[in-house]
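Hi everyone, thanks for coming. I'd like to walk you through the inside of one protein today, so have a look at the screen.

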Amino acid sequence: HAASSFSLPPNIISSRRRRRRVNNNNSSSLSNNKNNSIEKTTLKSSIIITPRASSSSDKMTSKQTTIGFLGAGIMAVPMALNLINNGNHNLIVWNRTASACDPLVKAGATLAKTAQEVCEKADVTYVMVSTPEATLEVATLAKDGVSDGKGYVDCSTVDRHTAQKVSEMITSKGGRYLEGPVSGSKAPAENGQLIFLCAGSESLFKEINADDANQLNKMGKASFFLGEEVGAGANMKLIVNSCMGSIMASFAESIALCEDASLSKQDLLDVLALGAINVPMFGMKGPGMIASDKNTKFAPAFPLKHQQKDMRLAVQLADELGREVPVA
């Protein structure tokens, strides 16, 4: 993605919800002059955001932290590997199917017998599982290991009601809860380029997002704090994935129609790449899509069943808010 230099109006940075955008690869500065203008800053992620604070006075540092990870799927394994390989952490892991943790154990993680054990031994525990049902199940199994001040960060894509239920489980035990669903699939997870969409405990967010915590900044390129109201992260993630799903469905239809019209599908990709409607997903997914046929089998980066789940949850959110979303 080409980096660009641009400025945002102050009302976007200082919203009522006190949204905070924090970049995990580059620090930027905000100018606090009389006009409340914002400095132009060039960032690798092409986002102008507030600087990440140092955690020198916080509870957790990279030298002291034991991190837990619950889940060992397509997203969880590369995220956890980045914590081991780049963060210099002691990692304790658990998954409902224990053998899925083998790559993590091989990399140096300790395999726990239960989810509760992970929370008992870890300063902060990350969770990445596939569905709202799995999220609730894991939280139920883990909650008795949570005690005062411990952190629980759930990165799973769920609806706001599920996030709020998990928050209640964790905070009732004295723990701090942060929802942190991520934008990005397998390759961004492997490359530490995820985008975290966080809400809940602000103190926990600041600790794990600090440069010297070596946590969020080792798994992602940017982190957004969307407020203390749990559910904001879930809502944002569903809106983002709804947009992605709608775009990709239209893209697939266009490729199929191009084929039916006996036009070059490569020409279609080239035309889209040069126009204003181009998006990075076309360049990432397009070459594989046009080279495929009905017999092609893809290794999933993001299983279709999970995308469909996210679309259903996004439509459910729209129904609750009284918003018609016919394209989704």
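I'll talk about the nonpolar cores, then the aromatic pairs, then the cysteines. Keep in mind that this is a predicted model.

Okay, cores. In general, nonpolar side chains in soluble globular proteins tend to be buried together. Here, the largest nonpolar core has 32 residues. Which residues have the most contacts inside it? Those are Phe69, Met79, Tyr126 and Phe196. Now, which elements give two or more residues to this core? On the strand side we have β4, β5, β7 and β11, and on the helix side α2, α8 and α9. Helix α2 gives the largest share, with six residues.

Let's zoom in on Met79. If we skip the neighbours within four places in sequence, Met79 is in contact with Phe69, Met128, Cys155, Ala189, Leu194, Phe196 and Met219. Please remember Phe69 and Cys155 from that list, as I'll come back to both. Apart from this core there is another one, of 23 residues, and Ala122, Val127, Ala142 and Tyr177 are among them.

On to the aromatic rings. You describe a pair of aromatic rings by the distance of the centres and the angle of the planes. This model has four aromatic pairs, and I'll show you two that are stacked. Take Phe69 and Tyr126: their ring centres are 6.1 Å apart and the planes sit at 20°, under the 30 degrees cut-off, so this pair counts as stacked. Phe69 is in strand β4 and Tyr126 is in strand β7, 57 residues apart, so to speak a link between distant parts of the chain. Are they buried or exposed? Phe69 is at 0% relative accessibility, so that one counts as buried, and Tyr126, also at 0%, is buried too.

The other pair is Phe251 and Phe282. Their centres are 4.2 Å apart with the planes at 25°, so they are stacked as well. Phe251 belongs to helix α10 and Phe282 to helix α12, and the two are 31 residues apart. Both of them are buried.

Last topic: cysteines. A disulfide is a covalent bond between the sulfur atoms of two cysteines. How many disulfides does a search of the whole structure find? Zero. Here's Cys155 again: the nearest cysteine sulfur belongs to Cys198, 7.3 Å away. A disulfide needs the sulfurs within 2.5 Å, so that distance doesn't qualify. Cys155 is buried, with a relative accessible area of 1%. Cys198 is in no disulfide either, and at 1% relative accessibility Cys198 counts as buried.

Technical notes. Residues are numbered from 1 along each chain as its sequence is written. This is a predicted model: local features need pLDDT of at least 70, side-chain atom pairs count only at pLDDT 80 or more; totals for chains, interfaces and linings use all residues. Side-chain values use heavy atoms; hydrogens and water are left out. Rings of Phe, Tyr and Trp (its six-membered ring) pair if their centres lie within 6.5 Å; planes under 30 degrees apart count as stacked, over 60 as edge-to-face and the rest as tilted. Helices (H or I, at least four residues) and strands (E, at least two) are DSSP runs, numbered from the N terminus. Buried means under 20% relative accessible area, exposed over 50%, partly exposed in between (1.4 Å probe, protein chains only). A nonpolar core is a set of buried Ala, Val, Leu, Ile, Met, Phe, Trp, Tyr and Cys residues joined through side-chain atoms within 4.5 Å. Contact means heavy atoms within 4.5 Å.
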